[in-house]
Amino acid sequence: MDPIERVASREVYRNDWMTVREDEIRRSDGSAGIYGVIDKPAYALVIAQDGDRFRLVEQFRYPLGERRWEFPQGTAPGLADVPPAELAARELREETGLRAGSMATLGKLDVAAGMSSQRGWVFLATDITEGEPEREHEEQDMRSAWFTRADVEKMILAGEITDAQSIAAWAQLMLVERHRP
């Protein structure tokens, strides 16, 4: 039995990237409550590695009001449900112009499980071929660059990379590397 039962749900807001709903709930003790939930489709985050170099993108993040570096990541437009590996290849190509000969799954991440249903998949892209980005209109201010492993770690420690998904993905990569046979 689930500890929380949804009794009713109503959509409060919708656009091409997300929906917001308010759910009336009943807890296992019978008490009532509400949850505000942001529904977004699954996303893919890609760590592109070429030797000791890693590709990051920088863009203006409107809700924070600042530019920031992160690994390429995103969802399919129109709330579409796209297979994670296909989405990863698409995001990498769109945001950086890179194409990967190999794409390995590193793990899964929940963005903000207390308020959002969105989950993401983390991929390691290797055997890289360079090309031109195919950015969406919203990504017109984006730029991308290669950074060494030491640079990425310095940027995380210095607070230049603050994107939680990027930092968690980096931790997944470090753990996979440490536990490789």
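## Helices and strands

Helices (H or I, at least four residues) and strands (E, at least two) are DSSP runs, and their numbering starts at the N terminus. With that in mind, the chain reads β-β-β-β-β-β-β-α-β-β-β-α-α from the N terminus on. That makes 3 helices and 10 strands. The C-alpha trace spans about 55 × 40 × 30 Å along its principal axes.

A quick word on what you're looking at: this is a predicted model, where local features need pLDDT of at least 70, side-chain atom pairs count only at pLDDT 80 or more, and totals for chains, interfaces and linings use all residues. Residues are numbered from 1 along each chain as its sequence is written, and side-chain values use heavy atoms, with hydrogens and water left out.

## A hairpin to find

Look for strand β5 (residues 53–61) and strand β6 (residues 66–70), which pair in the antiparallel sense over 5 bridges. To count as paired, two strands need at least two bridges found by DSSP. One of the partnerships joins Val57 to Glu70 in β6. The two strands make a hairpin with 4 residues between them, and Gly65 in the turn has a positive phi of about 70 degrees.

## Two domains

The domain assignment, which is automatic or from a database, splits the chain into domain 1 (4–39) and domain 2 (43–179). Taken over C-alpha atoms, their centres are 30 Å apart. Counting contact as heavy atoms within 4.5 Å, 11 residues from domain 1 meet 8 residues from domain 2.

How much area is buried between domain 1 and domain 2? About 640 Å², with carbon and sulfur atoms giving 51% of that. Here buried area is the accessible area (1.4 Å probe) that two parts lose on being put together, summed over both. On the domain 1 side, Asp16, Trp17 and Ile38 lose the most area to domain 2, together 61% of what that side buries. Strand β3 (residues 32–39) gives the most to this side, with 5 residues.

## Salt bridges

A salt bridge here is a side-chain nitrogen of Lys or Arg within 4 Å of a carboxyl oxygen of Asp or Glu. The count comes to 21 by this rule, yet between domain 1 and domain 2 it is 0.

For one you can track down, try Asp23 and Arg6, whose closest N and O atoms are 3.6 Å apart. This pair links distant parts of the chain: Asp23 sits in strand β2 (residues 19–27) and Arg6 in strand β1 (residues 4–14), 17 residues apart.
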